[in-house]
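Colleague: I want to learn how to read a ligand site. Can we work through one together?

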Amino acid sequence: MGGRALETSTAKKKTKIPQNGTVVETKSGFKYEYSPAPESKSIVKIKPRYELFINGRFTKPIAGKYFKTINPSTGEPLSEVAEAGANDVDLAVKAARNAYDKTWSKISAKDRGRYLYRIARILQERAREFAVLESLDNGKPIKESRDVDIPLAAAHFFYHAGWTDKLNYAFPGAKISALGVAGQVIPWNFPLLMAAWKIAPSLATGNTVVLKPAETTPLTALLLCEIFQQAELPDGVVNIITGAGATGASLVSHGDVNKVAFTGSTEVGKKIASAIAGTNKRITLELGGKSANIVFEDAALDQAVEGVVQGIFFNQGHVCCAGSRALVEESISEVFIKKLKRRMQQLRIGDPLDKNTDIGAINSFEQLEKIKELVEVGKSEGDFFEPNTRLPSKGYFHKPCFFNNVSAAATISRVEVFGPVLSVQTFRTPQEAITKANDTPYGLAAGIWSEKGSKVHEVASKLKAGVVWANTYNKFDPTAPFGGYYESGFGREGGIHGLSAYLEIK
Ligand code: NAP
Ligand code: MG
């Protein structure tokens, strides 16, 4: 165990809470402060300024405007990034159209697959560089970017590489063709992974791409452009244009875009749906969530507590399918809460680049303010708990917390916080659990914790959520379709279902 013993529990001295707020109790009563284990930044070369990636080249924005991207764990700027105006968007769409007409629709499916395999392999080779850059720009713990985001992004390219020359088997008997140019807009919570979820299926199905990353996390998508160059992907097949909401709006409403794929908030999703209503653009929307993690009395309780903790505090709660509502069977609720508090006390909050960190930085000052506001509202709605850990003195951090005994009508039970904030309710019967889980305007995901297989299947079949996990949570795989019900959007990403969103199927 890599830690320094502070003192034994038998000693009378008062426990000193270390700067990063971490006190870990072991069975023998020792308390440990984990020694810092920072990942080196030296593998990443951040440029002082990034341009737009249009037609295979880094290109200055026509209006010459740039904006800063911040390291949320310090609040300091990392670099500045080009802001694409409507004219730049137009150039990018023209490049994508030209590449579609002249190269991408002409080459064989097998060759498309070769490019995707190359991209996947180079991404694996450069995984550490991407992981460090993601943690710097986004604030997420290195253990997540290293073990989740980057490997899953590579897996997405590998999976889709395999499909390129087998699409006829995916849709037997149908005549299939690509749609043309895909305009894609993504959020800041999984910057590279969301880019992979969008780009890989587009290329596999023969479409070309213009993608806009989120304003606060553009750097890994821009580094991915280097991989496209390294893989010798033909010019214009993927174009990355950075900017804010206005850039996204001009991309999705551009007249020569055939398919719009958006992941982000329900609010912006609705705006996009109305902006393109009446056009012949195809659209998929992956939006917000308020997902329930249901814990039955027959669950393996320690695993369930860990699953609930991972489900909401993983990635600072910046997960669309975060298990932000725990529904706990009344008979075990007391012991569940006790175990939950104990586990939360042990979570390590701090430097995203430290390999021991469980909870990193909130992605932006604005998001932190939004979380704080909703937590204040929650304090009048339920019993509030947060661990007595200490937050770093700079950067945007928020303690993990939960509200117990909240009503189903409470704001904190209904509104997506998009932060490390959990609401807890109880239930007495499986039917009550199902009713409460489905009592939300969203329907992205759900979790069930029970040792009884029949109960798991019965409850899962009645949950109105696009993904239901049993005795686990937040597990992703490129073969499995992901998407939501109701205000969580429509369309699926991943699996055969995800391919169909990029194809004309006759
Ligand atoms: P957001 O504010 O909706 O932004 C998403 C993207 O849309 C960003 O690139 C944003 O640019 C851009 N945008 C803003 N206004 C636009 C407009 N009018 N037209 C076109 N694009 C526009 O969402 P976010 O705060 O980045 O992400 C959090 C949300 O994403 C949460 O609700 C979460 O649940 C959802 N999400 C869903 C999934 C899923 O698969 N269902 C996955 C991940 C996240 P700026 O960055 O400049 O604002
Ligand atoms: Mg940033």
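Modeller: We go from the site to its contacts, then to the shell. Keep in mind that this is a predicted model.

Colleague: Where does ligand 1 sit?

Modeller: Ligand 1 occupies the largest pocket.

Colleague: How many residues surround ligand 1, and which are the closest?

Modeller: The count is 28 residues. Closest are Ile186, Glu215, Ser265, Leu287 and Glu416.

Colleague: Which polar contacts should I look at?

Modeller: A polar contact here is a pair of N or O atoms within 3.5 Å. Take the side chain of Glu416: one of its N or O atoms is 2.6 Å from an oxygen atom of ligand 1. Leu287 uses its backbone, with a polar atom 2.8 Å from a nitrogen atom of the ligand. Trp188 places a polar side-chain atom 3.1 Å from a ligand oxygen atom.

Colleague: How much of ligand 1 does the protein bury?

Modeller: Alone, ligand 1 exposes 900 Å², and the protein buries 88% of that.

Colleague: Which elements give two or more residues to the shell?

Modeller: Helix H8 (245-252), strand E13 (259-263) and helix H9 (266-275). H8 gives the most, with 3 residues.

Colleague: What is the shell's make-up by class?

Modeller: It has 16 nonpolar, 8 polar and 4 charged residues. Domain 1 (52-59 + 78-287 + 488-505) and domain 2 (292-478) each supply at least three residues.

How values were computed
Residues are numbered from 1 along each chain as its sequence is written. Chains are lettered from A and ligands numbered from 1 in the order in which they are written. This is a predicted model: local features need pLDDT of at least 70, side-chain atom pairs count only at pLDDT 80 or more; totals for chains, interfaces and linings use all residues. Side-chain values use heavy atoms; hydrogens and water are left out. A residue is near a molecule or strand if one of its heavy atoms lies within 4 Å of it. A polar contact is a pair of N or O atoms within 3.5 Å; within protein, one must be able to donate a hydrogen and the other to accept it, and residues adjacent in sequence count only if both atoms are side-chain atoms. Accessible areas come from the Shrake-Rupley method with a 1.4 Å probe; for residues, only the protein chains shown count as cover. On a 1 Å grid over the protein atoms alone, a cavity is a set of points where a 1.4 Å probe fits but cannot get out, and a pocket is an open set with protein on both sides within 12 Å along at least five of seven lines; lining residues have an atom within 4 Å of a point. A molecule sits in a cavity or pocket if more than half of its atoms lie within 2 Å of its grid points. Helices (H or I, at least four residues) and strands (E, at least two) are DSSP runs, numbered from the N terminus. Ala, Val, Leu, Ile, Met, Phe, Trp, Tyr, Cys and Pro count as nonpolar, Asp, Glu, Lys and Arg as charged, and the others, Gly among them, as polar. Domain bounds come from an automatic or database domain assignment.
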